[in-house]
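Please look over the chain and its fold before reading on. The report below begins with a charged side chain and then turns to other parts of the model.

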Amino acid sequence: MKKQDNERNFKDPVCGMEVSRLTAIEEMEYQGKTYYFCSGGCREAFEAEPEKYLRQHRQHGMR
Ligand SMILES: [Zn+2]
């Protein structure tokens with residue numbers, strides 16, 4: 001049996017690791033979306049420069 005929403009996987013936008021609501025260590029809301037992180041370090045990095053990680057996601061390979 002598959003559980004839906006509760007065990008959906010999210011991608012840690014900083015390191016790219018897959019985390020779920022259950023395994024995520026940290027979470028943070030940004031612009032109405034909740035992001036999940038594998039560690040406090042990843043959350044801090046995202047918090048410092050969220051645009052950098054979100055943009056990186058969309059424009060592959062560009063800095
Ligand atoms: Zn991470």
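Is E26 buried, partly exposed or exposed? With a relative accessible area of 26%, E26 is partly exposed, a statement that, like the others in this report, concerns a predicted model.

**Overall architecture**

The protein chain contains two helices and four strands, and these follow one another along the sequence in the pattern β-β-β-β-α-α. Of its 63 residues, 25% count as buried. Among the contacts in the protein chain with a separation of 6 or more, 20% are accounted for by residues 24 or more positions apart.

**Salt bridges**

The count of salt bridges comes to three, and they are set out below with the distance between the closest N and O atoms.

| Salt bridge | Closest N and O atoms |
|---|---|
| R43 and E26 | 3.0 Å |
| R43 and E47 | 3.3 Å |
| E49 and K52 | 3.9 Å |

Salt bridges that share partners join E26, R43 and E47 into one network. Within this network, R43 forms a salt bridge with E26, and that pair links distant parts of the chain, since R43 lies in helix α1 (residues 40-48) and E26 in strand β3, 17 residues apart. R43 also forms a salt bridge with E47; because these two residues are four residues apart in helix α1, they are separated by about one helical turn. E47 is partly exposed, with a relative accessible area of 42%. In the pair formed by E49 and K52, E49 counts as partly exposed at 42% relative accessibility, and K52 counts as partly exposed at 36%.

**The zinc site**

The zinc ion is coordinated by D12 through OD and by C15, C38 and C42 through SG, at 2.0 to 2.3 Å. Because the four donor atoms subtend angles of 99 to 121 degrees around the zinc ion, the arrangement is tetrahedral. In sequence, the donor residues are spaced D-x2-C-x22-C-x3-C. The C-alpha atoms of D12 and C42 are separated by 7.8 Å, although these residues are 30 residues apart along the chain. C42 counts as buried, its relative accessibility being 10%.

**The surroundings of D12**

D12 is found in the loop between β1 (9-11) and β2 (18-20). Its relative accessibility is 1%, so D12 counts as buried. Although buried, D12 has no salt bridge, and the nearest side chain of opposite charge, that of K11, is 10 Å away. The side chain of D12 does, however, reach two backbone nitrogens, that of V14 at 2.8 Å and that of C38 at 2.9 Å. When its neighbours within four places in sequence are left aside, D12 is in contact with M17, V19, Y36, F37, C38 and C42; C38 and C42 are also among the residues that coordinate the zinc ion.

**A positive phi at Q31**

Where in the chain does Q31 have its place? Q31 is in the loop between β3 (26-30) and β4 (33-37). Most residues other than glycine have a negative phi. The phi of Q31, by contrast, is near 50 degrees, a positive value in a residue other than glycine. Q31 counts as exposed because its relative accessibility is 65%, whereas D12, in the loop between β1 and β2, counts as buried at 1%.

Notes
Residues are numbered from 1 along each chain as its sequence is written. This is a predicted model: local features need pLDDT of at least 70, side-chain atom pairs count only at pLDDT 80 or more; totals for chains, interfaces and linings use all residues. Side-chain values use heavy atoms; hydrogens and water are left out. Donors are N, O and S atoms within 2.8 Å of the metal (3.2 Å for Na, K and Ca); water is not among the atoms, so sites may look incomplete. Four donors count as tetrahedral if all angles lie between 85 and 135 degrees; four count as square planar and six as octahedral if opposite donors are over 155 degrees apart and all others between 65 and 115; anything else is irregular. Buried means under 20% relative accessible area, exposed over 50%, partly exposed in between (1.4 Å probe, protein chains only). Lys and Arg count as positive and Asp and Glu as negative; His and the chain ends are not counted. A salt bridge is a side-chain nitrogen of Lys or Arg within 4 Å of a carboxyl oxygen of Asp or Glu. A polar contact is a pair of N or O atoms within 3.5 Å; within protein, one must be able to donate a hydrogen and the other to accept it, and residues adjacent in sequence count only if both atoms are side-chain atoms. Contact means heavy atoms within 4.5 Å.
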